[in-house]
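Here is a short briefing to read alongside the model. Take a moment with the fold, then follow the points below.

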Amino acid sequence: MKILRIILLSPLALIRLLLVLLSTLFFSTIALVWMKISGFSRKVQRWTMGNWGKSLTWICGIRLDKKAFPDDSNFILMSNHRSYLDIFIIAGLTPSAMVGKAEIAKWPLGKLAMTVSNSILVDRNNTSSLINTMKKIKESVSQGIPVTLFPEGTTYKGPLTKTFKNGSFKIAAETGIPVIPMAIQYKDREDAWVGDDTFLGHFFRQISKPVTHVEIQYGTPLILADYKELQAKTKESIDHMLKEM
């Protein structure tokens with residue numbers, strides 16, 4: 001009833017939801033046809049992710065205050081995680097294969113979007129899924145397709161970051177691919193999606209707001225052979241940027 005009341009009282013939220021679904025279907029369909037004709041490529045993935053992310057960022061009323069992205073052709077982007085909106089923002093700014101929870105496949109058009117973006121879904125409660133995810137991350141970066149991860153493993157309100165997971169840093173250290181730290185901060189700290197808040201309830205409250213202000217900063221690319229040191233330096237960089245925001 002609460003969600004229904006939000007929808008009825010906020011036609012803006014309903015219009016935005018429909019536009020999000022239509023945009024996702026539009027770009028995914030084009031990507032599927034493109035892939036059927038010429039196969040999967042970084043060009044298809046970059047075009048699809050970039051345009052999809054930019055369109056959803058605009059549709060949801062997200063206004064970005066961002067610093068320039070470090071010039072790097074291949075990378076593993078490590079970002080703190082405040083909300084599912086982070087996915088739209090990152091897709092628009094730095095198109096890459098994303099590592100996300102297996103639950104995303106249950107979202108409307110979620111599985112289709114993950115397929116055309118070459119993203120990787122992981123079940124953190126399944127050991128074989130975790131091992132397979134590490135393998136796919138390694139394959140992606142070795143093929144020149146950047147990967148984005150949220151090393152906290154879940155959304156977190158802050159003010160800084162919580163403990164990082166180890167696996168992705170081991171791969172980055174082994175492959176020598178630069179890790180680019182990224183900090184995302186919402187001007188309204190209540191925009192974070194955390195705790196027992198339901199996805200639909202938060203989504204409709206969020207997109208009923210005319211504008212959402214988000215600040216983005218990138219750290220210096222890191223290449224270290226010791227994954228523990230790489231993990232510590234990445235966390236230190238992100239926390240430092242968050243303190244400055």
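In this predicted model, strand β7 (residues 212-218) is largely enclosed by the rest of the structure, because 5 of its 7 residues are buried. Its two pairing partners make a good place to begin, and a buried arginine comes after them.

**Strand β7 and its partners**
- Strand β1 (residues 62-66) runs parallel to β7, and 5 bridges join the two.
- Within that pairing, Asp 65 stands opposite Glu 215 of β7.
- Strand β6 (residues 179-186) pairs with β7 in the antiparallel sense, over 5 bridges.
- Here Gln 185 is the residue that stands opposite Glu 215, so Glu 215 in β7 faces Asp 65 in one pairing and Gln 185 in the other.

**A buried arginine**
- Arg 16 belongs to helix α2 (residues 11-38).
- What is the nearest side chain of opposite charge to Arg 16? It is Asp 191, 10 Å away, and Arg 16 has no salt bridge although it is buried.
- A salt bridge would need a side-chain nitrogen of Lys or Arg within 4 Å of a carboxyl oxygen of Asp or Glu.
- Beyond neighbours within four places in sequence, Arg 16 is in contact with Ile 59, Cys 60, Gly 61, Ile 207, Lys 209 and Pro 210.

**The protein as a whole**
- The secondary structure consists of 9 helices and 7 strands.
- Of the 245 residues in the protein, 49% are buried.
- Taking contacts between residues at least 6 apart in sequence, 77% join residues at least 24 apart.
- The protein exposes about 12,100 Å², with carbon and sulfur atoms supplying 60% of that area.

Definitions and conventions:
Residues numbered from 1 in each chain as written. Predicted model: local features only at pLDDT ≥ 70, side-chain atom pairs only at ≥ 80, totals over all residues. Heavy atoms only, no water. Buried < 20%, exposed > 50% of the residue type's maximum accessible area, 1.4 Å probe, protein only. Helix = DSSP H or I, 4+ residues; strand = E, 2+ residues; numbered from the N terminus. Pairing = 2+ DSSP bridges. Lys, Arg positive; Asp, Glu negative; His and termini not counted. Contact = heavy atoms within 4.5 Å. Areas by Shrake-Rupley, 256 points an atom, 1.4 Å probe, with all protein chains shown as cover.
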